[in-house]
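Colleague: I'd like a close look at just one part of this model. Could you walk me through it?

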Amino acid sequence: MVCLGNICRSPLAEGILKSKLDSNRYLVNSSGTASFHIGKLPDSRSISVAEKHGINIRNQRASQFSQRSFEIYDYIFVMDKQNYKDVIALAVSQDDKSKVSLILNQTTSEGIDLEVPDPYYGGDEGFDNVFFLLNKACEAIADRV
Ligand code: 4NP
């Protein structure tokens, strides 16, 4: 799960998907394309909305996306089109590139390319919306894998 800062959207995506999958069988992780929040806890508003739905993400610490993720993971879900460009720029093969997709393409028809809006500068309702969108997408991912 990849966003920009790895403190708002992708930590939620990681927590939600983990809550739907068997941790003995699936490795789920998140990171950001930027380095500015490395080592930080998720944003307190992400922690709150996750807790409201019974999911604890306080154990997560922000990290930066690196090329190594292409070797480790089968799927790389990004939140928005800028994340997509930034991650694709680090791909070294067609196989790497084929792992990357917008997470909301899991729940919308092909070609629509919706983005998970960045809630960082907005209010709490932005985080409720992000949770709602990611929960639906993660449900679809869990069904698929
Ligand atoms: P995220 O949100 O990419 O969902 O973690 C953001 C967090 C921090 C900033 C931007 C987006 N920032 O500019 O610091």
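How many nonpolar, polar and charged residues are there in the lining of the largest pocket?

Modeller: Keep in mind that this is a predicted model. The lining of the largest pocket breaks down into 15 nonpolar, five polar and two charged residues. That lining has 22 residues, and they surround a volume of about 420 Å³. If you want to centre your view, go to L27, V28, N29, Y73 and Y75, the lining residues that lie nearest the pocket's centre. As for secondary structure, α3 (68-72) and β3 (76-78) each give the lining at least two residues.

While you have the model open, have a look at helix α1 too. Its 12 residues, 9-20, should span 16 Å at 1.5 Å a residue, and the C-alpha atoms at its ends are 17 Å apart, which agrees. Nine of those 12 residues are buried, so α1 is largely enclosed by the rest of the structure. The buried ones are R9, S10, P11, L12, A13, E14, G15, I16 and L17. Their cover includes β1 (2-3), β2 (31-32), α2 (44-52) and α6 (124-144).

One last thing, on the cysteines: the structure has zero disulfides. The sulfur of C3 has its closest cysteine sulfur in C8, 7.0 Å away, and that is too far for a bond, because a disulfide needs the two sulfur atoms within 2.5 Å. C3 counts as buried, at 2% relative accessibility, and C8 counts as buried at 4%.

Note on methods. Residues are numbered from 1 along each chain as its sequence is written. This is a predicted model: local features need pLDDT of at least 70, side-chain atom pairs count only at pLDDT 80 or more; totals for chains, interfaces and linings use all residues. Side-chain values use heavy atoms; hydrogens and water are left out. Helices (H or I, at least four residues) and strands (E, at least two) are DSSP runs, numbered from the N terminus. The expected span of a helix is 1.5 Å times one less than its number of residues. Buried means under 20% relative accessible area, exposed over 50%, partly exposed in between (1.4 Å probe, protein chains only). Contact means heavy atoms within 4.5 Å. On a 1 Å grid over the protein atoms alone, a cavity is a set of points where a 1.4 Å probe fits but cannot get out, and a pocket is an open set with protein on both sides within 12 Å along at least five of seven lines; lining residues have an atom within 4 Å of a point. Grid points are joined across faces, edges and corners, and a volume is the space filled by probe spheres set on the points. Ala, Val, Leu, Ile, Met, Phe, Trp, Tyr, Cys and Pro count as nonpolar, Asp, Glu, Lys and Arg as charged, and the others, Gly among them, as polar.
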